[in-house]
Amino acid sequence: MKALPTAAALLRRRTHRPGGSSPGASLLLGRLFSMAPPPLSVESEENADYRLCHVADQRSALPEDGPPPPPPPRVAAEESPHRAMNVEWRVERAWEHWRRLGAPKLVVAPMVDNSELPFRMLCRKYGAEAAYTPMLHSRIFSENEKYRMTEFTTCKEDRPLFVQFCANDPDTLLQAARIVEGYCDYVDINLGCPQRIARRGNYGAFLMDNLPLVKSLVEKLAFNLRVPVSCKVRIFPRLEDTIAYAKMLEEAGCSLLAIHGRTRDEKDGRKFRADWAVIRAIKDSVKIPVLANGNIRHIEDVRECLEKTGADGVLSAESLLENPALFSGYRTGEWVEGLEEANNGGLDQADLAVEYLKLCAQYPVPWRMVRSHVHKMLGEWFRMHPHVREELNKQATLSFEWLHGLVGRLRETGARIPLYLATHSDAEESVRVGAAQDPR
Ligand SMILES: Cc1cc2nc3c(=O)[nH]c(=O)nc-3n(C[C@H](O)[C@H](O)[C@H](O)COP(=O)(O)O)c2cc1C
C-alpha cells in the first residue's frame, strides 16, 4: 500500500503551488493532523502565555526535521505592486474581504494553548463568527515540522480563521505565513504580547519600541501574501502615539486592526479595565475594519462595546475560557446579579466540558491544552470540590475515559453550575449583535 505523505510534506508541497489551496488537501491535512497527541506532562494551567513561548523556545533546540520549506513563487501580484501601494484601493479591498467573510463581529481572541482547534470549534458552535489560532512562533514554525504539526491544526469548517505569528524578521515571518496562507483568512502579527519571554525574544508588544521594524513586517506580508495581513496591538500610554501607530499600520498594508485597549504595562486584565475610548479614537482615525478587545464578559458587554467604540467586532479571551457559549448569550452566574430576570438556559459548564472533550477526540491536540480547558470550564466546581481538582493535578497521564469519569463524579455530587440567559433573551441579543450589517 502506498504510504500517505506526512502533513509537513503536504505543507511543503502546498508552498510550491502558486494557485491556492485545494479543499481536498485541506481536509487531508486536517485528518493527518489528527494524530495522537504527544505524551502528557503535568503543568499548572496558569500563565499559559509564558509557558507556550517557553515550550516553543525549547523546541527550537530540537534537531530539525529537515530543511525549512522552500519559499513558493511570489504570489501577491494578482494586482500590480503600484496598486497595492495605493492606500484607498487597499482599504476598499480590506472591506471587500471582511464582507466576503460575513463581517464577523464575534471573534475568539488568540490564546496560547487555549484557542486551539477543538476550542475554536466549540465557540463557533455557540455563536463565534471567527477565531484566531494561538500565537505561533514564526521562526520555529518555519523550521520545525514537529512544532507545526502539534501547534497548528485546522479543518474545513474552521473558518473564518486568523493565524497569528510573533516575529521580528520580515523574511522569516513571510516564510511561516506562506505555509498557512491557504488555510486561513488573515495572517495576523502579534504586536501585543507583554510577557517577559516576548521582551527577551523581542516580539509582541516590545516591537512598539521599534516601529520601523513593525512597518517592515506588515509591508512584507501585505506585498507578498495572497491573504490580507491583520495586526493585534496594545495601546500606548499617550493617545496621539496610539493613533499615529494605527495609521502607520494601515499605511503599511494592515487590512484589519484588533486593538487590546490596555497598555503594555497593564498586564493584569482583572486589575486594569480596557480603555474603550481609545479604541473609539482609533476607529475614528483609520479606515480599515477595527476589532475591539478587552472587558467582554457577556453578551451585553458586546453590545455596549460595539456602541461605545464604533468597532466592527469584538474579541473575547478569558471569559470565553470559562464560558465558551458567551457569544450565543449564555452567561455565568457571576453576571446574573443585577439582571431583572434571568433563567437557567438549560446548559451548564459540565455540558460544555463534555462537548469540548468530544471535539478533542475528533481533533486531537496536546493534552496540556485539554487539561488547561478542563481547569477553566470546571473551575467553579473545583472551587466547591477542591479534592477533585487535586486528583486532576495528580493525574500524570490523561485519557478521555478518565476525564469523562471526572465530570461524572462531579455530577454525582448533585451540584450544577448552570449558565443563564437573561429573560429578554440574551440569545436574541446575540443574534442581533451578530447579524451581518453593512460594516461601514
Ligand atoms: C490564556 C491566554 C493566552 C493568550 N495568548 C495570546 C496570544 O497567543 N496572542 C495574543 O495576541 N494575545 C493572547 N492573549 C491575550 C488575549 O488575546 C486578549 O488580548 C486579552 O486576554 C484581553 O482580552 P480579554 O479581556 O477578553 O481577556 C492571551 C490571553 C490569555 C488569557
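This passage walks through a predicted model, from the whole chain to a ligand shell, a helix, a strand pair and one loop residue.

The chain holds 21 helices and eleven strands. Of its 440 residues, 48% count as buried. Among contacts in the chain with a separation of 6 or more, 76% are made by residues 24 or more positions apart.

For readers with an eye on the binding site, the shell around the ligand is a natural place to begin. It comprises 24 residues, and Ala109, Met111, Met135, Ala317 and Glu318 come nearest to the ligand. Two elements give two or more residues to this shell, namely helix H3 (48–60) and helix H15 (318–322). Sorted by class, the residues around the ligand are ten nonpolar, eleven polar and three charged.

Helix H16 (residues 349–362) lends itself to a simple check of geometry. With 14 residues at 1.5 Å a residue, H16 should span 20 Å, and the distance between its end C-alpha atoms is 20 Å, so expectation and model agree. Where, then, do the buried residues of H16 lie around the axis? The residues in question are Gln349, Ala350, Leu352, Ala353, Tyr356, Leu357 and Cys360. Because they cover an arc of only 155° around the axis, these residues fall on the same side of H16. The cover over them is drawn from several parts of the chain, including helix H6 (117–125), strand S10 (342–348), helix H17 (367–377) and helix H18 (379–384). Helix H20 (400–412) and strand S11 (418–422) are also among the elements that cover the buried residues of H16.

Strand S7 (residues 254–263) is mostly covered as well, with nine of its ten residues buried. Its pairing with strand S6 (residues 229–235) is parallel and rests on seven bridges. One of the residues involved is Ile235, whose bridge partner in S7 is Thr263.

A final stop is the loop between H20 and S11, the two elements already met in the cover of H16, where Thr413 has its place. Is Thr413 buried or exposed? Thr413 has 11 other C-beta atoms within 10 Å, and a residue with 12 or fewer counts as exposed, so Thr413 is exposed. Along the chain, Thr413 and His385 are 28 residues apart, while in space their C-alpha atoms are separated by 9.1 Å.

Note on methods. Residues are numbered from 1 along each chain as its sequence is written. This is a predicted model: local features need pLDDT of at least 70, side-chain atom pairs count only at pLDDT 80 or more; totals for chains, interfaces and linings use all residues. A residue is near a molecule or strand if its C-beta atom, placed from the backbone, lies within 6 Å of it. Helices (H or I, at least four residues) and strands (E, at least two) are DSSP runs, numbered from the N terminus. Ala, Val, Leu, Ile, Met, Phe, Trp, Tyr, Cys and Pro count as nonpolar, Asp, Glu, Lys and Arg as charged, and the others, Gly among them, as polar. The expected span of a helix is 1.5 Å times one less than its number of residues. A residue is buried if 20 or more other C-beta atoms lie within 10 Å of its own, exposed if 12 or fewer, and partly exposed in between; C-beta atoms are placed from the backbone. The arc is that of the directions from the helix axis to the C-beta atoms. Two residues are in contact if their C-beta atoms, placed from the backbone, lie within 7 Å. Two strands pair if DSSP finds at least two bridges between them.
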